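Visitor: I am new to this structure and would like to be walked through it slowly. Could you show it to me, and then take my questions in turn?

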Amino acid sequence: MKTTNKTITQIEPWIDNAELVQLKRVIDSTFLTEHKLTKEFEQLVADYTGAKHVVATSNGSTALYAGLFALGIGPGDEVIVPNFTFVASCNAIILTGAKPVFCEVDAKTFCIDVDKIEALITEKTKAIMPVHIYGQSADVPAILKIAKQYNLKVIEDAAQAIGVLYDGEHVGLKSDLSIISFYGNKTITCGEGGVVMTQSKEIADKVYRLKNHGRPKRGTFIHEDIGYNFSITEMQSAVGIAQMGKLPAIIERKQAIHDRYMNELQNIEGFVPVEIDKRCKPVFWFTSFLTAQREELELYLRNHNIQSRKFFCPLHLQPCYQGMIDETASFPISTKIYEQGISLPSAYNLKDEDQTYVIECIKAFFKQK
Ligand SMILES: Cc1ncc(COP(=O)(O)O)c(C=O)c1O
């Protein structure tokens, strides 16, 4: 096995002259705060996904908060959220004053287990927040059926899911609203950045007002609502415009990286790939596996200059939520995937020979066991 002295990164953005060209437009315009390039970025996201309304925000977390607020979620309300997600999904609920209620996830897709939602609904429940995790989609049609029956809102956390299709359609279009994050480690990035997507003009307008100090337009000092400042900048949008142009190539490359890992590694005993829901066309933001030897494998890879990434710690195990959790609830699936999940180097720029090295190292690790 050929050794390497440089570190093979788990993820890194593809940034080059294309971003500089767009950033130059910002410098030339002297408009640094949200302006024409942001409109252009929003339109590109709308055209790509099929969303009628796209409102850019400073990041995915502010998009989530603004979305929940626009749906009228607040103190006294409960929102059902999958237990296996990044903390931002839950913290946005808490920030509105509502209570998050944790739901176990599906063992195959790691998205919210739709069969466990109904048991969590109380008279305080106002919304369900499916999260499309690690490039897969939750079963939103099933969630919408439950929501209709109980008169609940649905807000999709599609922070990680640009490009992900379900039943042939981009995620995030069938519910009340959805959000996407463009944080530095996402499929495409603005450094920081987010959007709210919705088919409803009324919701889009509410989100816009909330992120713009309670005004429907800039340049006035009359504020109809109490709002805040969750604006994106033209620099972020410029990077986003360039990244939108690269998105199809990034998705294709990530699929190829995933396919190669699968071909080479899926038959190793004790190294289990993530299963894909047949209705979903995922985007392999990360390629991930489950193994009971996760800690040893992670260390072995690190000692061979290969970065890997653990899975998210589920909400019920987070120190910050202790005291907020129903003591009788148990989450064996989230716990297992947290303990066993490992994401492999999955960057667009991963060289073929570096992927060969990663694959050889993993094979060598399991051979010595
Ligand atoms: C599932 C999920 N929700 C929300 C967020 C928050 O997005 P941001 O980092 O852009 O605030 C993230 C981000 O990493 C995420 O993975």
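Visitor: In which handedness does H1 pass H7?

Guide: Before I answer, please keep in mind that this is a predicted model. The axes of helix H1 (residues 17-29) and helix H7 (residues 234-265) come within 8 Å and cross at roughly 145°. As for the sense of that crossing, H1 passes H7 in one that is right-handed.

Visitor: How do the residues of the contact of H1 with H7 divide into nonpolar, polar and charged?

Guide: On the H1 side the contact includes Ala-18, Val-21, Leu-23 and Arg-25, and on the H7 side the residues they and their neighbours meet include Met-235, Ala-238, Ile-241 and Lys-246. Taken by class, the residues of this contact of H1 with H7 come to nine nonpolar, two polar and four charged.

Visitor: What is the radius of gyration of the protein?

Guide: The protein has ten helices and 14 strands in its secondary structure. For 369 residues the globule rule gives 21 Å, and the computed value is close to that, so the protein is as compact as a globular protein of that length, with a radius of gyration of 21 Å.

Visitor: What does the C-alpha trace span along its principal axes?

Guide: Here three extents are given, one for each principal axis of the protein. For the C-alpha trace they come to about 70 × 55 × 35 Å.

Visitor: Which strands stand at the edges of the open sheet of seven strands?

Guide: This sheet has mixed pairing, and its strands follow the order E1-E9-E8-E5-E4-E2-E3. The strands at its edges each have a single partner strand, so one side of each is left without a neighbour in the sheet, and they are strand E1 (53-57) and strand E3 (99-103). Averaged over this sheet, and with direction ignored, neighbouring strands are turned against each other by 25°. The edge strands you asked for are thus named E1 and E3.

Visitor: Which residue in E8 stands opposite Ile-155?

Guide: Strand E5 (residues 153-157) and strand E8 (residues 177-181) are joined by three bridges and pair in the parallel sense. Opposite Ile-155, in E8, stands Leu-177.

Visitor: Which are the edge strands of the open sheet of four strands?

Guide: The order in this sheet is E10-E12-E14-E13, and the pairing is antiparallel. An edge strand here pairs on one side only, which is the case for strand E10 (272-273) and strand E13 (309-310).

Visitor: How many bridges join E12 to E14?

Guide: E10 pairs with strand E12 (residues 287-290) over two bridges in the antiparallel sense, and there Pro-273 has Phe-289 of E12 opposite it. At the other edge, E13 and strand E14 (residues 341-344) also pair antiparallel over two bridges, with Ile-342 in E14 as the bridge partner of Lys-310. Between E12 and E14, which run antiparallel, Thr-287 stands opposite Leu-344 in E14. The number of bridges joining E12 to E14 is four.

Visitor: Which helix supplies the largest share of the shell around the ligand?

Guide: Among the 15 residues around the ligand, those that come nearest are Gly-60, Ser-61, Ala-88, Ala-159 and Ser-181. At least two residues of the shell come from each of helix H3 (60-70) and helix H4 (87-96). The largest share, three residues, is supplied by H3.

Visitor: How many residues of the shell around the ligand are charged?

Guide: By class, the shell has six nonpolar residues and eight polar ones. The number of charged residues in the shell is one.

Technical notes
Residues numbered from 1 in each chain as written. Predicted model: local features only at pLDDT ≥ 70, side-chain atom pairs only at ≥ 80, totals over all residues. Near = placed C-beta within 6 Å. Nonpolar A, V, L, I, M, F, W, Y, C, P; charged D, E, K, R; others polar. Pairing = 2+ DSSP bridges. Axes fitted to C-alpha atoms, helices over the stretch in contact; angles between N-to-C directions. Left-handed = near helix turned anticlockwise from the far one by under 90°. Contact = placed C-beta atoms within 7 Å. Rg over C-alpha atoms; globule rule 2.2 N^0.38 Å.
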